[in-house]
Structures are given as C-alpha cells and as structure tokens.
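Thanks for coming. I have one sheet to go through, and then one residue in it. Here is the model.

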Amino acid sequence: MGSVGRGRALFTAGNAHQNIVCGRAHQIGALALIAATFFLTRALDRLYDIPIPSHPSLSTVAGESPVGTLFQHPGFLSWPNRGYGTSLSLKIYVYEESEVDGLRELMRGRDGKISAESCAKGQWGTQVKIHHLLLKSKFRTSRKEEADLFFVPSYVKCVRMNGGLNDKEINHTYVKVLGQMPYFRLSGGRDHVFVFPSGAGAHLFRSWAVFLNRSIILTPEGDRTDKRPISSFHTWKDIIIPGNVDDGLTTFYESRIVQPIPLSKRKYLANFLGRAQGKVGRLQLLELAKQYPDKLESPELQLTGPNKLGRVEYFTHLRNAKFCLSPRGESSWTLRFYESFFVECVPVILSDQIELPFQNVIDYTLISIKWPSTQIGPQLLKYLESIPDEAIESMIAGGREVRCLWVYLPESEPCSAMLGILWELQRKVRRFHQSVETFWLHNQSIVNREFVEFHGWRTPLPLP
C-alpha cells in the first residue's frame, strides 16, 4: 500500500491485531498514481532511446569509437544519431545552369568552351562530382518550395585555371547570379550550398565575406590565414570534404594503378613526394632526406620534362614506405593525406592548421599521426622508427575501413564521400529561415520591407 493511503488510513481494533483500512477513493488515487508513473517512465525511455533502423548502412552505435563501430558490417557505413536523425531524409534543389543568368559562365567560362569532363579531373574535381551526383540523387527535388537546401553548381576553380574567367569576372558573375535567386534572399543564403574545392576556399569569390558569410560551403580547406586576413571556413556552418583522389586509385575502394606491398618489403621508413614550393616544412623534409637517404625518400618532383614523375611511378613510390609524410603546401590540406590510405601507408600530418572531414564520426588518432610542423627533424624519424609493425598494421587496417569515405560515389553505395556529405548536410537543415531583409505577418506570409509577399519578389534582388 502506498504512503498516501497509509497517511490517511483508518485504524480499527481486531481480535488479535489492527487492520489498516483504506477508503475506495484513496485506492483509486493510488492506482492512478502508479499508472501515471508507469507511462511517464515509458515516455522518458523513448525520449532517450531513439529507435535505430535495421539497415546496416544507416544503423549507428552512438558514443563509441568510430573506427570499428562506424561499420557494423564490412563496407556498410554507420552514422551517429546525435544531431543527425536515424535516417537520411532531406530534399535538395539543384539550380540548372540555364535557369540563372551567369551560372553557365561559372561552369563553362565566358565562351562556354570548358567542359565538365575536363574539370572532373585532378584534385579539384569534387566541384563537378558533387554536382553530378546530386543531379542523380534520390534526395533531389524539382520544387523549390519543398527544398530543405539549395545547391549552386560552379566549376569556378577549373574555369579560372583554364582562363575562362579572371578574378574580377568571377566576382561580378557571382554577385549577378545571387541577385537572381529569391530563395537566397529569403534565407540570407543560409540554406544555399556552394563547393570551393581548392586551397583558396571561398576566397575564389572575392566578395564571399559579404554575400556567403551565412551559406554552407563545402571545401577541403579549413585555413588560409597565411595569405588572407580571415579564413573562409567556419566550423558552425561549413563542411570539410575529402579531396578528389585519382579514380584509378580508388576503384572499388582499392587501387587499380598499384597494389600495396607488405611492410617487410617496403624500402623506406617514410617518404615525402611533393614539390618544395618554398615552404619551410617541405624544405626541411628535402634536407632531412639528404641526411638520411636510407630512411626517408624525398625526390624533388618535376612537373615537366624527361624527369617528370608519371602517375604510375608516383603511386609506386608512395607505397614503398611505412609512413607517408603530408606537410602543408600552399594551403593546410594536401591530397597526399587521402592517397596514402589507398597505398596503405600511415599518413603523418605535418600541417598544424589542417581540418579533416567527418570528424564527428572518425577518430583520426587510430588511423594517422599528427606531428608538430615545428619539430621536423631527426627526432621525427626516430619516433617513427620506434613504432612497432603491429601498431602500424593496426592503423593501416583502420584506414582500410574508412577510406571508402574518400571516394565520390552515389549515395546508393553503402559507403562513400557523397553519403557522408549528405549526412553532414542533413545536420545543417533548419525548419525556419530568415534574414535581415525578410519579415513575416500574423497569417504566416513572408514579405519584404515594402510588404510585397515572397511569391511577388522580382529579380534582380538587392542582396542581404
């Protein structure tokens, strides 16, 4: 009997003992209290016990180490529940190049002669691959009014490299394009997604800080403060993406160009295959290789001429060491970090400001080493020599498990960079968007400063 009933019990004398009698009203009240407690407990359990779908590519084990639990079955990607939801459910509108005046120039150049195929190659090919994968995605919608996010295609890095637009033209064209997008003005750009695939990041658009300071930027670059007063990457809104690794190296998550070789047969302890570019860390590695040629391979790469290191030769050299050194170049990120996973050497990051993709789910301490760039010298080689092969093999095995996240394949694949990006984009989705130039009334209508309803806004629009 509950304490409430006992507190108001009626005591009567019996032959050998006292009987505690509780009135009917109190019995009903006690039962009601028990029932309410039961249902409240069940509700709280449900609140903290989110059901996990049975599909192995979407199931998760929250709060555990990503490597080992990120994949409950080999090759099947899991993602954490926290902040993401239990399954992918988002709608993305992809702007057509003919839909907005100027968008074609950002993709093909002023003369329209630059092809998407040529821009898909090289380390900046993510600008094309992400666009093409979204065009075929089941999460694409043709209705702007139901879209969670808006993707703005642009191959501007490739266009600039091929002389299709200069910096001034790029800036002018971007501003013109954004002024023709009512939904961009509606949200202040908060739900619009842009890809900037190179070390320059969003700085390719000189006025990014004015117009894209609230937009979602996909970029492999997390820091350019060496040459710019501010970084265009912000952890609260932007997403770090993997660089574009050579397709021949990543086919079916394994190399078709070269195959990894056993640790015992590798000639070098470590290697650095890259140009010096006048960078302190790289120059130090070249000098270190001269002092310890039997431990560190670091040939001075030639971009042209008879001594140019070809594609196959490059990867053949890369696989011949236990550790692949990845120092900072013109920017903090380097493609060599991603390439190392496919030749199965442990990447050693020598770039203090680097940002890595999918940090919410990958524990990089299990698959790589980050060493201070101020400590490049014999002590680095001594440390690497001290690591037993068993530990190296363990790191390689972990890298073998997660490297599918560096490969740009459709989201229908159980694991890919695109699937990871979609999960990260889902985390950015908001129910409501507003900007300094949007207002709303009691009947839920969205209006501008002149009280013109959203459907009546005319382009070009003054930008937020």
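**The sheet and its helices**

I'll start with a pair of strands: β11, residues 268–271, runs parallel to β12, and the two are joined over two bridges. This is a predicted model, so keep that in mind throughout. One of the contacts in that pairing is Asn271, whose bridge partner in β12 is Glu297.

Next, the helices. Helix α13, residues 311–318, packs on the sheet and touches β11, β12 and β13, the last being 321–327. The direction of α13 makes about 115° with that of β13. Helix α14, residues 335–343, also packs on the sheet, where it touches β13 and β14, the latter at 346–350. For α14, the angle with the direction of β13 is about 165°.

Now the whole sheet. Which order do the strands take? Reading across, it is β12-β11-β13-β14-β15, an open sheet of five strands with parallel pairing. The edges are β12, at 296–297, and β15, at 369–370, and each of these pairs on one side only.

The residue I want to look at is Cys324, which lies in strand β13. Is Cys324 buried or exposed? Cys324 counts as buried, because its relative accessibility is 0%, and the cut-off for buried is under 20%.

What is Cys324 in contact with, leaving aside its neighbours within four places in sequence? The list is Asn271, Leu318, Ser340, Cys345, Val346, Pro347 and Val348. Asn271 is the residue I mentioned earlier as the bridge partner of Glu297.

Last, a distance: Cys324 and Val343 are 19 residues apart along the chain, and their C-alpha atoms are separated by 9.6 Å.

Notes. Residues are numbered from 1 along each chain as its sequence is written. This is a predicted model: local features need pLDDT of at least 70, side-chain atom pairs count only at pLDDT 80 or more; totals for chains, interfaces and linings use all residues. Side-chain values use heavy atoms; hydrogens and water are left out. Two strands pair if DSSP finds at least two bridges between them. Helices (H or I, at least four residues) and strands (E, at least two) are DSSP runs, numbered from the N terminus. Contact means heavy atoms within 4.5 Å. Axes are lines fitted to C-alpha atoms, for helices over the stretch in contact, and angles run from 0 to 180 degrees between N-to-C directions. Buried means under 20% relative accessible area, exposed over 50%, partly exposed in between (1.4 Å probe, protein chains only).
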